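User: I am new to reading protein models. Can we go through this one by asking what each label rests on?

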Amino acid sequence: CISSAASDVYKRQEIRLRPKIGDHDFDTKVNNMGRKFLKEGFKLKVTIMFRGREISRLDLGEDLLNRVADALEDIAEPEGKTDLEGRRISVYFNAI
């Protein structure tokens, strides 16, 4: 039997981006969807997905995550550091 205190469920939403995302697509995903999720009380997971030879350019993914952090700095802060899981880099954001 699991106590209810031990089985806390946290709400999480994910946004998936690619390293070569366009400016308008970035604004739509991060500023519209990301802000909406954070304001509704969700944790936000931002994942950068690499395809093919893009994996050799991890610096583009790091730059994109920094850009996301700058765009959301007024309402969220990154939790921990970035994780590389196979062909994906991800980081969590918590609402301030």
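User: Why is Phe 26 called buried?

Analyst: One caution before the reasoning: this is a predicted model. Phe 26 has a relative accessible area of 3%. Buried means under 20%. So Phe 26 counts as buried.

User: Where does Phe 26 lie, and which residues is Phe 26 in contact with?

Analyst: Phe 26 lies in helix α1. Leaving aside neighbours within four places in sequence, its contacts are Ile 21, Asn 31, Leu 64, Arg 67, Val 68 and Ala 71.

User: How far apart are the C-alpha atoms of Phe 26 and Phe 50?

Analyst: They are separated by 16 Å. Along the chain, the two residues are 24 apart.

User: What elements does the protein chain have, and how do they run?

Analyst: There are two helices and four strands. From the N terminus on, the elements run β-α-β-α-β-β.

User: Which residues have the most contacts inside the largest nonpolar core?

Analyst: They are Leu 17, Leu 44, Val 46, Ile 48, Val 68, Leu 72 and Phe 93. This core has 23 residues. Elements giving two or more residues to it are β1 (12-17), α1 (23-39), β2 (43-49), α2 (58-71) and β4 (88-95). The most comes from α2, with five residues.

User: Which residues does Phe 93 touch?

Analyst: Not counting residues up to four places away in sequence, Phe 93 touches Leu 38, Lys 43, Leu 44, Val 46, Val 68, Ala 69, Ala 76, Glu 77 and Pro 78.

User: Why is Thr 47 called buried, and where is its place?

Analyst: The relative accessibility of Thr 47 is 1%. The cut-off for buried is under 20%. Therefore Thr 47 counts as buried. Its place is in strand β2.

User: What does Thr 47 touch?

Analyst: Setting aside residues up to four places away in sequence, Thr 47 touches Glu 14, Ile 15, Arg 16 and Leu 17. It also touches Arg 88, Ile 89 and Ser 90.

User: Glu 14 is on that list. Is Glu 14 buried or partly exposed?

Analyst: Glu 14 has 26% relative accessibility. Buried needs under 20%, and exposed needs over 50%. The value falls in between, so Glu 14 counts as partly exposed. Glu 14 is found in strand β1. Beyond its neighbours within four places in sequence, Glu 14 is in contact with Lys 45 and Thr 47.

User: How far apart are the C-alpha atoms of Glu 14 and Arg 87?

Analyst: Their separation is 16 Å. Glu 14 and Arg 87 are 73 residues apart along the chain.

User: What makes Arg 18 partly exposed?

Analyst: Arg 18 stands at 26% relative accessibility. Partly exposed covers values between the 20% and 50% cut-offs. Arg 18 therefore counts as partly exposed. Its place is in the loop between β1 and α1. Not counting residues up to four places away in sequence, Arg 18 touches Ile 48, Met 49, Arg 51, Glu 54 and Leu 64.

User: Why are Phe 37 and Phe 42 called an edge-to-face pair?

Analyst: Their ring centres are 6.2 Å apart, with 75° between the planes. A pair needs centres within 6.5 Å, and edge-to-face needs planes over 60 degrees apart. Both values pass, so this is an edge-to-face aromatic pair. A search of the whole structure finds one aromatic pair.

User: How do you know that Phe 37 is buried, and what about Phe 42?

Analyst: Phe 37 has 11% relative accessibility. Phe 42 has 17%. The limit is under 20%. So Phe 37 counts as buried, and so does Phe 42.

User: What share of the protein chain is buried, and what area does it expose?

Analyst: Buried residues make up 32% of the 96 residues. The protein chain exposes about 6300 Å², and carbon and sulfur atoms supply 48% of that.

User: How many positive and negative side chains are there?

Analyst: There are 18 positive and 17 negative side chains. The centres of the two sets lie 7 Å apart.

Key: Residues are numbered from 1 along each chain as its sequence is written. This is a predicted model: local features need pLDDT of at least 70, side-chain atom pairs count only at pLDDT 80 or more; totals for chains, interfaces and linings use all residues. Side-chain values use heavy atoms; hydrogens and water are left out. A nonpolar core is a set of buried Ala, Val, Leu, Ile, Met, Phe, Trp, Tyr and Cys residues joined through side-chain atoms within 4.5 Å. Buried means under 20% relative accessible area, exposed over 50%, partly exposed in between (1.4 Å probe, protein chains only). Contact means heavy atoms within 4.5 Å. Accessible areas come from the Shrake-Rupley method with a 1.4 Å probe; for residues, only the protein chains shown count as cover. Lys and Arg count as positive and Asp and Glu as negative; His and the chain ends are not counted. The place of a charge is taken as NZ of Lys, CZ of Arg, CG of Asp or CD of Glu. Rings of Phe, Tyr and Trp (its six-membered ring) pair if their centres lie within 6.5 Å; planes under 30 degrees apart count as stacked, over 60 as edge-to-face and the rest as tilted.
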